[in-house]
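Good morning, and thank you for coming. I should like to take you through one model today, beginning with a small detail and ending with the arrangement of the chains.

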Number of protein chains: 2
Amino acid sequence: MKPRLNIVTLGVKDLQISRDFYGNILGWKEAVSSDENIVFYYQGGIVVGLYPLDKLAEDANISHERSGFSGVAFAINQDSKEAVDQLYFRVVEGGAKPLIKPRETFWGGYDAYFADPDGYAWEIAWAPFWEFDEQGSLKM
Amino acid sequence: MKPRLNIVTLGVKDLQISRDFYGNILGWKEAVSSDENIVFYYQGGIVVGLYPLDKLAEDANISHERSGFSGVAFAINQDSKEAVDQLYFRVVEGGAKPLIKPRETFWGGYDAYFADPDGYAWEIAWAPFWEFDEQGSLKM
């Protein structure tokens, strides 16, 4: 197998709060997991995981101390500007921290940013020149 | 489109150093990009991007200050323990910081961790109970 990104695991402070956020606000369905401390969301080819931050840091042999920006932005693409607006207002009503309100972007698209319960930055984007299949997988 | 993760963008200090690392050491092929400041790697359904940290933080309206653990772990799955070893030694020889040497894991698999030039944690894993197609996409 060629090396490629298969799993993105977010270290979270409170698993139940994050699980409520991703499950109820974003509407993601949990995959079966053999460990009650980890939550997996299958996303068509890859998996997003939630795992307590201290356990994740211990697993990777890194101090769990963190401050400021994670340095990473995650993007969710939508197929219209209206869909960006709708998802943005849904997550903000659901308790996400607003970072950037929906706007026209310098690169010809339309986006907004919010932070999840642990401060991870998520972009909701409409990018007119990118194509996706019915499952929301990017085609290239 | 249902909301799902489509793009993971890593904020990097030096685009050329990171590009050399992901392109030459991990062997990822760059996708065409209209902006010389951003590098995209298509990974079968999703895209990994590299973008200068300060620009990414500005785009998301977050201070670019960061310290300690990003809080996120990225995993690359391989189809055997030997393949985990090989990739681990290749990235460490290529300059990646070793975090965890290849080991048997408590969850019944085999893994190792390294940090990329910006300190982002990557796990290389063999998970006997997960299946992948020929393109390395996780099947579930």
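Which residue with a positive phi follows α1(A)? That residue is Gly27(A), with a phi near 80°. Please keep in mind throughout that this is a predicted model.

Let me stay with this helix for a moment. Helix α1 of chain A spans residues 15-25, and its buried residues are Ser18(A), Phe21(A), Tyr22(A) and Ile25(A). Why do these residues lie on the same side of α1(A)? They do so because they cover an arc of only 110° around the axis. The general principle is familiar: an α-helix has 3.6 residues a turn, so residues three or four places apart point the same way. On the face turned away from the buried side, α1(A) carries Gln16(A) and Asn24(A), which are exposed. As for what covers the buried residues of this helix, the elements include β1, β3 (39-42), β4 (47-52) and α3 (81-93), all of them in chain A.

I turn now to the relation between the chains. A turn of 180°, with a shift of 0.0 Å along the axis, lays chain B on chain A with an RMSD of 0.0 Å. That is the relation of a two-fold axis. The same surface serves both copies, in that 100% of the contact residues of chain B recur in chain A. Within chain B, the residue that comes closest to the rotation axis is Ser70(B), whose C-alpha is at 2.2 Å.

How many residues of chain B are in contact with chain A? There are 59, and they meet 59 residues of chain A. Several elements of chain B give two or more residues to this side, among them β1 (7-12), α2 (53-60), α3 (81-93) and β9 (121-126). The element that gives the most is β6(B), with six residues. By character, the residues of this side divide into 33 nonpolar, 18 polar and eight charged.

The strand β6(B) deserves a second look. It pairs with strand β1 of chain A, residues 5-12, in the antiparallel sense over five bridges. Within that pairing, Phe74(B) is the bridge partner of Val8(A).

Finally, the interior. The largest nonpolar core has 87 residues, and those touching the most other members are Phe74(A), Val84(A), Trp122(A), Ile124(A), Val84(B) and Ile124(B). If we leave aside neighbours within four places in sequence, Phe74(A) is in contact with Tyr120(A) and Trp122(A), and also with Leu5(B) and Val8(B).

Methods. Residues are numbered from 1 along each chain as its sequence is written. Chains are lettered from A and ligands numbered from 1 in the order in which they are written. This is a predicted model: local features need pLDDT of at least 70, side-chain atom pairs count only at pLDDT 80 or more; totals for chains, interfaces and linings use all residues. Copies are superposed by least squares on the C-alpha atoms of residues with pLDDT of at least 70 in both. Two residues are in contact if their C-beta atoms, placed from the backbone, lie within 7 Å. Helices (H or I, at least four residues) and strands (E, at least two) are DSSP runs, numbered from the N terminus. Ala, Val, Leu, Ile, Met, Phe, Trp, Tyr, Cys and Pro count as nonpolar, Asp, Glu, Lys and Arg as charged, and the others, Gly among them, as polar. Two strands pair if DSSP finds at least two bridges between them. A nonpolar core is a set of buried Ala, Val, Leu, Ile, Met, Phe, Trp, Tyr and Cys residues joined through C-beta atoms within 7 Å. A residue is buried if 20 or more other C-beta atoms lie within 10 Å of its own, exposed if 12 or fewer, and partly exposed in between; C-beta atoms are placed from the backbone. The arc is that of the directions from the helix axis to the C-beta atoms.
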